[in-house]
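Trainee: I would be grateful for a close look at one part of this model. Could you please take me through the sheet and the elements around it, step by step?

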Amino acid sequence: MWNKILYALLFAWAKLHAMLPMPVLYVLSDILYILIYRVMRYRLKVVRRNLEASFPDKSEIELRRLEREFYHHFADYIMETIKLAHISEEEVLRRAYIKNPELATQLQAEGQKTVMMLMGHYGNWEWFSSASMIFKDSRLWQIYRPLNNKAVDRLFIYLRTRFGSYGMKKNDTVRDMIQLKKEDSNNIVIFIADQTPSKANLHYWTTFLNQDTPILNGAERIARKLDLPVIFLDVQKVKRGFYTVEFKLMTAHAKQTAENEITESYARMTEKMILRNPAYWLWTHKRWKHKREDAER
């Protein structure tokens, strides 16, 4: 009962704010920036530690500027995500523009009905759930990990599926992907693969942003098992409230790649995307909490 009441309150709050025009939401974002950065200092120690380790050559002045830019963007991300509760298809497609959707449709026309896409927590990854409006002949799936708070989890599911995409629970991914492969239907499955692996999944390590880093390789294992094509989503923030994504083919046949080739390529492409403008990656994440020596014990 409590979760239902909390969800109703959260839903009403999100809808009310989402009805505001974007310029007003960005005024609220500027206020939110002060609250989370200056007042609450939300995960500030984590952000500073991540930035300092990732950019050892930057001066303290440069790091603090980057830090401020990140928190400004993070506040924008929150408001933009809330806007999903009340935004037209036309506006979200204009603001989250996909340059070359034909790459995916061409692969499907050639017989690869299920296409895997890899992206990172860069820009506003939530807005690209609207891609289901472009791929009208495909079902768009997003891998997600259910949140502990059921009311918040339900709200995010609503926001992410409002334009017709589907959610696929992380723990059900292998089973569900095998089922999709068997079906005679077009499917696009998006993995956000830059999270920190659990201790049980520290299988692949590489140098990423100047640090020894474990990388999730579950998506690659599924792609190779099912011989799926894999596309990387290269995101750029053009200006406040506007993003583009370019599809980049990593492989048309994952079975033909060497072990960890896709995972390593994903790490390099994600790193290149981040270095283009570091402020737009999710620096609040405890990305480097595991050390290789701990995994080898």
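Mentor: What follows is a connected account that starts at the sheet, moves to the helices, and ends with some individual loop residues.

Please keep in mind throughout that this is a predicted model. The sheet is open and has 7 strands, arranged in the order 1-9-8-2-5-3-4, and its pairing is mixed. At its edges lie strand 1, residues 96-98, and strand 4, residues 166-169, each of which pairs on one side only. From one strand to the next, the twist averages 30 degrees.

As a general point, strands of a sheet pair through backbone hydrogen bonds, and the pairing may be parallel or antiparallel. One pair in this sheet shows the parallel case: strand 2, residues 114-119, and strand 5, residues 187-192, run parallel and are joined by 6 bridges. To find this pair in the structure, you may begin with Leu118, whose bridge partner in strand 5 is Phe191. Helix 9, residues 218-226, packs on the sheet, where it touches strand 2, strand 5 and strand 8, the last of these being residues 230-239. The direction of helix 9 makes about 160 degrees with that of strand 2.

Helix 9 also has a helical neighbour. The axis of helix 8, residues 173-182, comes within 11 Å of the axis of helix 9, and the two cross at roughly 30 degrees. Angles under 35 degrees count as roughly parallel, and helix 8 is therefore described as roughly parallel to helix 9. The crossing of helix 8 past helix 9 is right-handed. Helix 8 contributes Thr173, Val174, Met177, Ile178 and Lys181 to the contact, while helix 9 contributes Ile222, Lys225 and Leu226. Sorted by class, the residues of this contact are 5 nonpolar, 1 polar and 2 charged.

Ile178 deserves separate attention within this contact. Ile178 lies in helix 8 and touches Lys225 and Leu226, when residues up to four places away in sequence are not counted. Ile178 and Ile222 are 44 residues apart along the chain, and their C-alpha atoms are separated by 8.7 Å. Ile178 has a relative accessibility of 27% and so counts as partly exposed.

A second helix pair offers a useful parallel study. Helix 1, residues 2-18, packs with helix 7, residues 150-161, at an angle of about 40 degrees, and their axes are 8 Å apart. Helix 1 and helix 7 are therefore oblique to each other. Helix 1 passes helix 7 in a right-handed crossing. On the side of helix 1, the contact is made by Asn3, Leu6, Tyr7, Leu10, Phe11, Ala14 and Lys15; on the side of helix 7, it is made by Lys150, Ala151, Val152, Arg154, Leu155 and Tyr158. By class, this contact has 9 nonpolar, 1 polar and 3 charged residues.

We may now turn to strand 6 and strand 7. Strand 6, residues 205-208, and strand 7, residues 211-214, have a loop between them that contains Asn210. The two strands run antiparallel and are joined by 4 bridges. Trp205 has Pro214 of strand 7 as its bridge partner. The hairpin of strand 6 and strand 7 has 2 residues between the strands, and Leu209 takes a positive phi near 55 degrees there. Asn210 likewise has a positive phi, of about 65 degrees, although it is not a glycine. With a relative accessibility of 54%, Asn210 counts as exposed.

Another positive phi is found at Arg43, a residue other than glycine, with a value near 50 degrees. Arg43 belongs to the loop between helix 2, residues 22-39, and helix 3, residues 44-54. Its relative accessibility is 38%, and Arg43 therefore counts as partly exposed.

Finally, consider His253, which is found in the loop between strand 9, residues 242-251, and helix 10, residues 261-276. His253 touches Gln112, Asp227 and Leu228, with residues up to four places away in sequence left out of the count. Measuring from C-alpha to C-alpha, His253 and Arg160 are 29 Å apart in space, and they are 93 residues apart in sequence. His253 has a relative accessible area of 31% and is partly exposed.

Note on methods. Residues numbered from 1 in each chain as written. Predicted model: local features only at pLDDT ≥ 70, side-chain atom pairs only at ≥ 80, totals over all residues. Heavy atoms only, no water. Pairing = 2+ DSSP bridges. Axes fitted to C-alpha atoms, helices over the stretch in contact; angles between N-to-C directions. Contact = heavy atoms within 4.5 Å. Parallel < 35°, antiparallel > 145°, perpendicular 65-115°, else oblique. Left-handed = near helix turned anticlockwise from the far one by under 90°. Nonpolar A, V, L, I, M, F, W, Y, C, P; charged D, E, K, R; others polar. Buried < 20%, exposed > 50% of the residue type's maximum accessible area, 1.4 Å probe, protein only.
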